[in-house]
Amino acid sequence: MSEHPARCGHSTSSGHPEQAGPASLPAQERHCDVAVIGGSAAGLAAALQLARQRRGVVVVDDGTPRNAPAAHMHGYLGYEGAAPGELTSAGREEVRAHGGDVLPGRVLGVSRRDDGRFRLDLTGGHALVARQVLAATGLSDELPAIEGVAEGWGRGVIHCPFCHGFEVRDQRLVQIVTHPLGLHSAPLFRHLTKRLTVVLHDPTGLDEEVVEALAASGVGVERGGVARVVTGPEGEVSGVEMSDGRTLEADAVVVGARFRARADVLAGVGLSTTPHPNGAGDILAVDASGETDVPGIYAAGNVTDPSLQVLPSAAHGSQVGAMMAFRLAEEDLRAGVRPSGAEVEWDQRYGGPDRAWSGNPNGTLVHEVTDLAPGRALDVGTGEGADALWLAEHGWKVTATDISGNAIARVGAEAERRGLSVDLVHGDVNDPEPFGTATFDLVSLQYGSFKRTPDRRGLRGLLGAVAPGGTLLVVHHDPAVMRAPVDVATRTRGYDPEAYVGVDEIAEALAADPDTWHVETHETRRRPPGAASVHHVDDVVLRATRRRQD
């Protein structure tokens, strides 16, 4: 590959991840099999299924889950009482471990392209192009306009007997009924505590037989409006003030919210929500496979069913992800193709008429290799081949490999034009034998990265390609820049460094095997003066030699 991209990118073969501040990053268009909108339980479970089927998956999450106000989640076997963030963090790690991207950001809209694929416009001007889209966007709770309800929501003000009921058992509960469905959970709360009072704030449409049964069973029933939820000095719920000035003592308040499906981003493909049969809100309707009325657009989790807690939401996402994988496989079978999600993305990058990179060799490579005697060199993620061609011009016998067939074709054409001999290998670092059985005096990975796998196949292949006495040279941009927080309202990160094997992970593998590897350099530094570079950024440089075995 070469320095100075014409447009910024990331790489499963070669590229420049986000190397500068947000203001300087040009817009990117990435291609994948499936774009997932929403990175909570349903979205991550679906993404994991698809990533395990070797599909290119990109999850875009704006960090606004429905259960954000709650400190703990309940009823999730194995995660009972855990913080919601604990589950999502573990889920993201699992998706990334199988090569799926999880990007902080926000989807602004979805539209269908002329080729049948979907375009997702993201904050910051970026875009995703996907064969399928999964909406795992959840619901928004619409709370009644009662003072103190919103402030205590998810803590002292609760709605679900399964999510919070056990924690408020035997306490003083006041249940405020604002719509007919709000009375539905009263028998459950009655079973959890003897000290339940039901307030009919809005009696319109209520089932009076249920009201009478509650009163007959000993539940206090109040008819009248609520003025506010009363809280103590630490913000804890202490009561409910009625419109007539009376205060009902309470340790917790139950309020049934209305709900609205977060589906506005799908308006561009003609999708709209459907009223839920219970009359308390709307949902996104799907069939048994999770597909909406628009072929190729799927939905999972709360956006399709407000009753789903975290565990069934994850199960639904897993099921829908599997159905999406089946559909993709059937389409590929009919087309007689077996595409790699990463290969499709990079073939798109190198399929246009314009050069992606500058054509200059990387300055740090030139600096680091100058003192080495030419031998056999492997350029991993060669891109358009500027590094491979420079090595060939300086006496190296070069093998250049890339996941993109279009990139390999470009390198071959340029090598022929210059009269250079370069062996070209079209393949993925994660292939079973990505470089054959040969080993090399120099293995170079310049600003490249490859998808993670739980068995670390790609990393083992990369290290195994270095001959005894040979040099491994990995150069990358400082990953701290790529991990900096983003404001999702204005920017979506285009690259997820945690989905790829990075320079730090490679360094850890070398350090764990000191009998095999001698690490000469592992540092962050400026590119050297005089290098083939028109701008200066910090490089993380990792250089190591494989020890000769006696």
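Which residues of the largest nonpolar core touch the most other members? They are Val107, Val110, Phe118, Leu120, Leu266, Val269 and Ile297, out of 30 residues in that core. Keep in mind as you look around that this is a predicted model.

**The cores**

Let's stay with the largest nonpolar core for a moment. Strands S1 (29-37), S2 (57-61), S4 (107-112), S5 (118-122), S6 (127-135), S16 (258-261) and S19 (297-299) each supply at least two of its residues. The largest share, 4 residues, comes from S6. As background, nonpolar side chains tend to be buried together in soluble globular proteins.

Ile297 is a good place to zoom in. Leaving aside residues up to four places away in sequence, Ile297 touches Val110, Phe118, Val133, Leu266, Val269, Leu271, Gly290, Glu291 and Thr292. Apart from this core lies another one, made of 25 residues, and Ala465, Val466, Leu472 and Ala507 are among them.

**The second largest pocket**

Now for some empty space. The second largest pocket has a volume of about 1,000 Å³. It is lined by 40 residues, and the closest to its centre are Ala51, Gln53, Arg54, Arg55 and Ser340.

Where does the lining come from? At least two residues each are supplied by strand S1, helix H1 (41-52), strand S2, helix H7 (310-335) and helix H8 (341-349). H7 gives the most, with 5 residues. As for chemistry, the lining of this pocket divides into 13 nonpolar, 12 polar and 15 charged residues.

S1 and S2 turn up twice in this tour: each supplies at least two residues of the largest nonpolar core, and each also supplies at least two residues of the lining of the second largest pocket.

**Aromatic pairs**

How many aromatic pairs does a search of the whole structure find? There are 3, and the table shows two of them, with the distance from centre to centre and the angle between the planes.

| Pair | Arrangement | Centre to centre | Between the planes |
|---|---|---|---|
| Tyr76 and Tyr79 | edge-to-face | 5.5 Å | 80 degrees |
| Tyr495 and Tyr500 | stacked | 5.2 Å | 20 degrees |

Are Tyr495 and Tyr500 buried or exposed? Both are buried. The partners in the edge-to-face pair take a little more explaining. Tyr76 counts as buried because its relative accessibility is 13%, and the cut-off for buried is under 20%. Tyr79 has a relative accessible area of 24%, so it is partly exposed.

Terms used. Residues numbered from 1 in each chain as written. Predicted model: local features only at pLDDT ≥ 70, side-chain atom pairs only at ≥ 80, totals over all residues. Heavy atoms only, no water. Core = buried A, V, L, I, M, F, W, Y, C linked by side-chain atoms within 4.5 Å. Buried < 20%, exposed > 50% of the residue type's maximum accessible area, 1.4 Å probe, protein only. Contact = heavy atoms within 4.5 Å. 1 Å grid on protein atoms, 1.4 Å probe; cavity = no way out; pocket = protein on both sides within 12 Å on 5 of 7 lines; lining within 4 Å. Points joined across faces, edges and corners; volume = space filled by probe spheres on them. Nonpolar A, V, L, I, M, F, W, Y, C, P; charged D, E, K, R; others polar. Phe/Tyr/Trp six-rings, centres within 6.5 Å; stacked < 30°, edge-to-face > 60°.
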